[in-house]
Amino acid sequence: MNLSTAYVEWEQKTLEQGRQEGEQQGIQQGEKRLIIRQINKRFHVIPDALIEQIHQLSIEQLELLSEAFLDFSTITDLEQWLENRRYVD
């Protein structure tokens, strides 16, 4: 394998890794937007502090929140869920 072949392989690997990272970020952003829209639809107003906390969640946490949200009846339920996440992770 010569230098140019090694470079091409490195470049392809790097591009693939960047694509995968971009895809993950896109999924995470989409999940954040969806859960924030759902919360806003149900409770009409979401304090900025809660939105910021939601933006800090990982994909796995966002998925858990989307399931837990179905059981929320007040914005306080969301606040408590987010507070409990701090101590779990």
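This is a short tour of the nonpolar core, an aromatic cluster and one loop residue in a predicted model.

**Stop 1: the core.** Select Ile 35, Ile 39, Ile 54, Leu 65 and Phe 72. These residues have the most contacts inside the largest nonpolar core, which has 16 residues. Now colour the helices. H1 (3-43), H2 (48-55), H3 (59-68) and H4 (75-88) each supply at least two core residues. H1 gives the most, with four.

**Stop 2: Ile 35.** Centre on Ile 35 and show its surroundings. Leaving aside residues up to four places away in sequence, Ile 35 touches Ile 54, Leu 62, Leu 65, Ser 66 and Phe 69.

**Stop 3: the rings.** Select Phe 43, Phe 69 and Phe 72, which ring pairs link into a cluster. The structure holds two aromatic pairs. Phe 43 and Phe 69 meet edge-to-face, 6.3 Å centre to centre, with 85 degrees between the planes. Phe 43 lies in helix H1 and Phe 69 in the loop between H3 and H4, so this pair ties together parts that are 26 residues apart in sequence. Phe 69 also pairs edge-to-face with Phe 72, at 6.1 Å centre to centre and 85 degrees between the planes.

Switch to a surface view. Phe 43 is buried, at 15% relative accessible area. Phe 69 is buried too, at 5%, and Phe 72 is likewise buried.

**Stop 4: over the ring.** Add Arg 42. Arg 42 lies over the face of Phe 69, 4.3 Å from the ring centre.

**Stop 5: His 44.** Move to the loop between H1 and H2, where His 44 lies. Check its backbone: phi is near 75 degrees, a positive value in a residue other than glycine. His 44 counts as exposed because its relative accessibility is 61%, over the 50% cut-off.

Note on methods. Residues are numbered from 1 along each chain as its sequence is written. This is a predicted model: local features need pLDDT of at least 70, side-chain atom pairs count only at pLDDT 80 or more; totals for chains, interfaces and linings use all residues. Side-chain values use heavy atoms; hydrogens and water are left out. A nonpolar core is a set of buried Ala, Val, Leu, Ile, Met, Phe, Trp, Tyr and Cys residues joined through side-chain atoms within 4.5 Å. Buried means under 20% relative accessible area, exposed over 50%, partly exposed in between (1.4 Å probe, protein chains only). Contact means heavy atoms within 4.5 Å. Rings of Phe, Tyr and Trp (its six-membered ring) pair if their centres lie within 6.5 Å; planes under 30 degrees apart count as stacked, over 60 as edge-to-face and the rest as tilted. A charge sits over a ring if NZ of Lys or CZ of Arg is within 6 Å of the ring centre and within 35 degrees of the ring normal.
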